[in-house]
Amino acid sequence: MTTLERTAEYTVTFRRDVAVLTKDDQVLLGLADRAGYRLRGVGAPMLAALEQVRAGLHTEDELAAEHPQSPVATVLTKVEPFLATGFRLRGERLAVLERTGVTGLRPDLPELAGAWLRLGKFSLLRRRGGELVVESPLSKYRAVLLDAALAGAVAALAVAQPSSEVDTEWWPVLAALAGAGFLDVGADGEFPVDSDDVLRQWDVHDLYFHSRSRIGRTDEAFGGRFPYVGEIEPLPAVRPAPEGPRTELFRPSFDAVRAADQGLQETIEARQSIRAYGEEPITADQLGEFLYRTARVRGTYGPRPEARMPYEGSSRPYPCGGAGYELELYVTVRRCQGLEPGIYHYDAGDHVLRLINTEAEARDELLRVATLSTGGQAVPDVLVTMTSRFQRLAWKYQSIAYAVTLKHAGALYQTMYLVATAMGLAGCGLGSGDADAAARAFGLDYLKESSVGEFILGSAPAELPAPVSGDGALDWRAGNDPGWQAEALAARRR
Ligand SMILES: Cc1cc2nc3c(=O)[nH]c(=O)nc-3n(C[C@H](O)[C@H](O)[C@H](O)COP(=O)(O)O)c2cc1C
């Protein structure tokens, strides 16, 4: 290798997280979290070659030339999953391109001569461990930038530039970053991605979240791995209730519930989003029954370490991954017969409400956002806000904790819709809320517990909204048995 190189060159190296252990004539290659690989009968020449791969300053040709007695190509084939592409310039390491999904060691390289370059909309530069990395949900690679000048050159591409403006010594590494999907390549200041209707419609955080919370493009620790066992205590199965005056809630009898309920399919068909309320408000007993049927704690159990459950679980009416039950309910009451307006926490363990905030302003702020979410249609009797005790899930799940909590919110939405329908109440799920305002109103630390969902509830209006299938709209096109809904709604009206 010469120290007079004028442009960056590709080298063969290991991923940054590979540990290489040698013992006698054996070499053990391991990734931090994954299975290792043992090379046996490794002689001194092969050891020397592996050491050079670890140093990451040699090209494959150089390795082959320097180790004619050791079949370098064969060794590299054996350790292929642990390999990455390195870059060197003037004898220094510049960067490493690691695979995060199933793909080739190196991406196809675009032609940079005459092209324009720009940092991709989805490319994120962040600290990972002690290094600067570039990631993108469009990529199956991660680039580790080891050189500050290179990092500066990449950051400067936030402003589109013709490649001729970029120092040619960076071109090989920039071509690889472009091929890996971190840089846009265009011509004459125009970039084809700008007219890609699919990419235009993805928000950066959504696509990053999607790519990091599903398998395929991420090599980060994934799933139920309990990374903090022995270091951090798990949050309790049932959240300790906050301070505040207690209100005992009504507990329905199962016999009465069974006698009053319609069949499952009839309830499913009669379910509607209702954003209007009756003259008489919902009652405290109805609210108690609703919470009892949707979200009460039926009991707790565990820990059961032998069943991969080294924490206490609970049982509630809606399903929850790992029986973690991290969702909490806060009830903002505007109008409820038998219950003062205010903001309450629902203690699902004791089935009681705790009055935690009596400020009219805090209440009105939450209700105002809920009203906005309905396009101004509803001023809810009751707003049920779902918060997540984030660390309850993050203690167990890596990469997917937040995605899982949103799935739980969805499961609880449907449970609430169905119970509201069965009880003849007006319910509607909401797609957004102000998590910061909710944390303020509920006295929560945003990072520990904040809102992830909202459901508005009240007494049913005298006139139920006409279903979209039944309002005589000229644009209605019948599909599969829309009459089921009409029949179920007719039964509900009777
Ligand atoms: C997750 C979720 C979010 C929703 N967000 C809102 C919302 O923000 N505002 C609103 O008025 N309705 C919202 N809805 C209700 C939908 O608009 C409604 O379910 C849809 O139009 C179908 O009508 P239906 O529920 O009466 O069958 C939401 C429903 C769900 C499940």
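The dialogue below walks through this predicted model, asking why its features carry the labels they do.

Visitor: How do you know that the count of disulfides is zero?

Guide: A disulfide needs two cysteine sulfur atoms within 2.5 Å. The sulfur of Cys336 is 19 Å from the closest cysteine sulfur, which belongs to Cys428, and that is too far for a bond. Start from Cys428 and the closest cysteine sulfur is in Cys336, again at 19 Å. By this rule the count comes to zero.

Visitor: What makes Cys336 and Cys428 buried or exposed?

Guide: The cut-off for buried is under 20% relative accessible area. Cys336 has 7%, so Cys336 is buried. Cys428 has 2%, so Cys428 is buried.

Visitor: What kind of aromatic pair do Tyr330 and Phe442 form?

Guide: The structure holds 11 aromatic pairs, and this is one of them. Ring centres must lie within 6.5 Å, and planes under 30 degrees apart count as stacked. Tyr330 and Phe442 are at 4.2 Å centre to centre, with 5 degrees between the planes. The pair is therefore stacked.

Visitor: What does the pair of Tyr330 and Phe442 tie together?

Guide: Tyr330 lies in strand S18 (residues 327-333), and Phe442 in helix H14 (residues 435-442). The pair thus links parts that are 112 residues apart in sequence. Tyr330 is buried at 1% relative accessibility. Phe442 is buried at 7%.

Visitor: Why is the pair of Tyr417 and Phe455 called edge-to-face?

Guide: Planes over 60 degrees apart earn that label. Here the planes stand at 85 degrees and the ring centres are 5.2 Å apart, so the pair is edge-to-face. Tyr417 lies in helix H13 (residues 401-422) and Phe455 in strand S25 (residues 449-459), so this pair ties together parts 38 residues apart in sequence. Both residues are buried.

Visitor: How do you know that the charged end of Arg271 sits over the ring of Tyr417?

Guide: The distance cut-off is 6 Å from CZ of Arg to the ring centre, and the atom must also be within 35 degrees of the ring normal. The charged end of Arg271 is 4.7 Å from the centre of the Tyr417 ring, and it sits over that ring. Arg296 lies over the face of Tyr292 as well, at 4.6 Å from the ring centre.

Visitor: Which residues are around the ligand?

Guide: Among them are Arg271, Arg275, Ser373, Tyr417, Cys428 and Gly431.

Visitor: What makes the approach of Arg275 to the ligand a polar contact?

Guide: The cut-off for a pair of N or O atoms is 3.5 Å. A ligand oxygen is 2.6 Å from an N or O atom in the side chain of Arg275. That value is within the cut-off, so this is a polar contact. The backbone takes part too: a ligand nitrogen is 2.7 Å from a polar backbone atom of Ser373. For Gly431, a polar backbone atom is 2.8 Å from a ligand nitrogen.

Visitor: Why is strand S22 called largely enclosed?

Guide: Strand S22 covers residues 382-389, and eight of its eight residues are buried, so the rest of the structure largely encloses it. Val382, Val384, Met386 and Ser388 point one way, while Leu383, Thr385, Thr387 and Arg389 point the other way.

Visitor: How do you know that S22 pairs with S18 and S25?

Guide: Pairing takes at least two bridges. S18 and S22 have seven, in the antiparallel sense. S22 and S25 have eight, also antiparallel. Both counts meet the cut-off, so both pairings stand. As examples, Val331 stands opposite Val384 in S22, and the bridge partner of Val382 is Leu457 in S25.

Visitor: What makes strand S5 largely enclosed?

Guide: Seven of the seven residues of S5 (residues 83-89) are buried, so the rest of the structure largely encloses this strand. S5 pairs antiparallel with strand S1 (residues 9-14) over six bridges. Five bridges join S5 to strand S6 (residues 92-99), again antiparallel. In the hairpin of S5 and S6, Arg90 takes a positive phi near 50 degrees.

Visitor: Why do S11 and S12 count as edges in the sheet with the order S11-S7-S12?

Guide: This is an open sheet of three strands with antiparallel pairing. S11 (161-162) and S12 (183-186) each have a single partner strand, so one side of each is left without a neighbour in the sheet. S7 (residues 116-119) pairs with S12 over four bridges, and Arg118 has Asp184 in S12 as its bridge partner.

Technical notes. Residues are numbered from 1 along each chain as its sequence is written. This is a predicted model: local features need pLDDT of at least 70, side-chain atom pairs count only at pLDDT 80 or more; totals for chains, interfaces and linings use all residues. Side-chain values use heavy atoms; hydrogens and water are left out. Helices (H or I, at least four residues) and strands (E, at least two) are DSSP runs, numbered from the N terminus. Buried means under 20% relative accessible area, exposed over 50%, partly exposed in between (1.4 Å probe, protein chains only). Rings of Phe, Tyr and Trp (its six-membered ring) pair if their centres lie within 6.5 Å; planes under 30 degrees apart count as stacked, over 60 as edge-to-face and the rest as tilted. A residue is near a molecule or strand if one of its heavy atoms lies within 4 Å of it. A polar contact is a pair of N or O atoms within 3.5 Å; within protein, one must be able to donate a hydrogen and the other to accept it, and residues adjacent in sequence count only if both atoms are side-chain atoms.
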